[in-house]
Amino acid sequence: MNTLKIAIQKSGRLSEDSLKLIKECGIKFSNGKGKLKASADNFPIEFLFLRDDDIPGYVEDGVADLGIVGENVLVEYDNDVKLVKKLGFSKCRLSIGVDRNWDYKNIKELDGKSIATSYPKILGNYLKKNNVNAEIHEISGSVEIAPSIGLADAVCDIVSSGSTLLSNGLKEADVIMRSEAVLISGKNLSADQVKTLNQLLFRMESVQAGKNNKYILLNAPNDSIDEIISLLPGMKSPTVLPLAMEGWSSLHSVVKEDEFWEVIEKLKEAGAQGILVAPIEKMIV
Ligand code: PRT
Ligand code: ZN
């Protein structure tokens, strides 16, 4: 059997982007509302829709072969599974939050204090590593209200924009870990399942590479082509085509998303004109 069962969060912050990634990989399926299972029409994969906290355990037990969870959940539960790939979405931080008037300098200030969290293991390890002796109050939700109701001196919670801390009179004082969605797998996949996993990873990597790059077309006088090629090395080397106008060429290449604006400035200085930039759906290097 080469079919893989993948566990995806049923409803929450990971759900939409997890399903979007699967769809961008060309995998078609219909997941009616409230369904707990679905299978793909054109790829050997089945979906289980679960609470995120249950996913690492189900993958460890072999109920699911793969799963998508936040790294924070993976590290907290510490199941015997493999982290296969970071997926680049649902980015957040697990941070210490303290009263906004606290002149907090470093983690040592939490010595002898109490901290409310849903992440006792990650927090405990961090405190131990820093030789800080604090009391950990494990609570499962609404951690941010703990200081205002006198339950704890500080919190350790997931932060994204920071507005939840802010609206509870707290500030982000220390980042304990950075997290994003990750693909995990069990340790006992069959050889056929590993083949399917490699096909899935190949598709995910093509989608990610596409997102990290832009397709760029521009016109340039022939005497600036060498300089422009050095700015736009492309996948192998840029395509250079003559324009109908004597002495000019069109160049086609790819540019990395995070270098994009810097490169555009340099291209303009080198004499490029009529620059067109288009998204890339998939990129196979
Ligand atoms: O029901 P189920 O158990 O499946 O879901 P859940 O409620 O436990 O998890 P969910 O859907 O809230 O989050 C799933 C994963 O998304 C988390 O494990 C993180 O990896 C990731 N993630 C990304 C976040 C956030 N951003 C986030 N902002 N998880 C939670 N939050 C919460 C945080 O707990 C706090 O209450 O949002 C608030 C802070 O947000 P800001 O923007 O105000 O800072
Ligand atoms: Zn959860």
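# Zinc site, sheet and core

Visitor: Is Asp-53 buried, partly exposed or exposed?

Guide: Asp-53 has a relative accessible area of 25%. Buried means under 20%, exposed over 50% and partly exposed in between (1.4 Å probe, protein chains only). So Asp-53 is partly exposed.

Visitor: What kind of model is this?

Guide: Residues are numbered from 1 along each chain as its sequence is written, while chains are lettered from A and ligands numbered from 1 in the order in which they are written. Side-chain values use heavy atoms, leaving out hydrogens and water; local features need pLDDT of at least 70, side-chain atom pairs count only at pLDDT 80 or more, and totals for chains, interfaces and linings use all residues, for this is a predicted model.

Visitor: Is Asp-52 buried or exposed?

Guide: Its relative accessible area is 17%. That makes Asp-52 buried.

Visitor: Which residues are the protein donors of the zinc ion (ligand 2)?

Guide: Donors are N, O and S atoms within 2.8 Å of the metal (3.2 Å for Na, K and Ca); water is not among the atoms, so sites may look incomplete. Here the protein donors lie 2.0 to 2.1 Å from the ion. Both are OD donors, from Asp-52 and Asp-53.

Visitor: What arrangement do the four donor atoms around this zinc ion have?

Guide: Four donors are tetrahedral if all angles lie between 85 and 135 degrees. Four are square planar, and six octahedral, if opposite donors are over 155 degrees apart and all others between 65 and 115; anything else is irregular. The angles here run from 76 to 170 degrees, so the arrangement is irregular.

Visitor: Which strands stand at the edges of the four-stranded sheet?

Guide: Strands are DSSP runs (E, at least two residues), as are helices (H or I, at least four), numbered from the N terminus; two strands pair if DSSP finds at least two bridges between them. This open, antiparallel sheet has the order S13-S14-S12-S15. Each edge strand has a single partner, so one side lacks a neighbour: they are S13 (239–242) and S15 (273–279).

Visitor: How many bridges join S13 and S14?

Guide: Strand S14 spans residues 248–256 and pairs with S13 in the antiparallel sense. Leu-241 has Ser-250 in S14 as its bridge partner. The number of bridges is four.

Visitor: Which element gives the largest share of the largest nonpolar core?

Guide: A nonpolar core is a set of buried Ala, Val, Leu, Ile, Met, Phe, Trp, Tyr and Cys residues joined through side-chain atoms within 4.5 Å. The largest has 28 residues, including Ile-6 and Phe-47. Helix H1 (15–24) and helix H6 (191–211) are among the elements giving two or more. The largest share, five residues, comes from H6.
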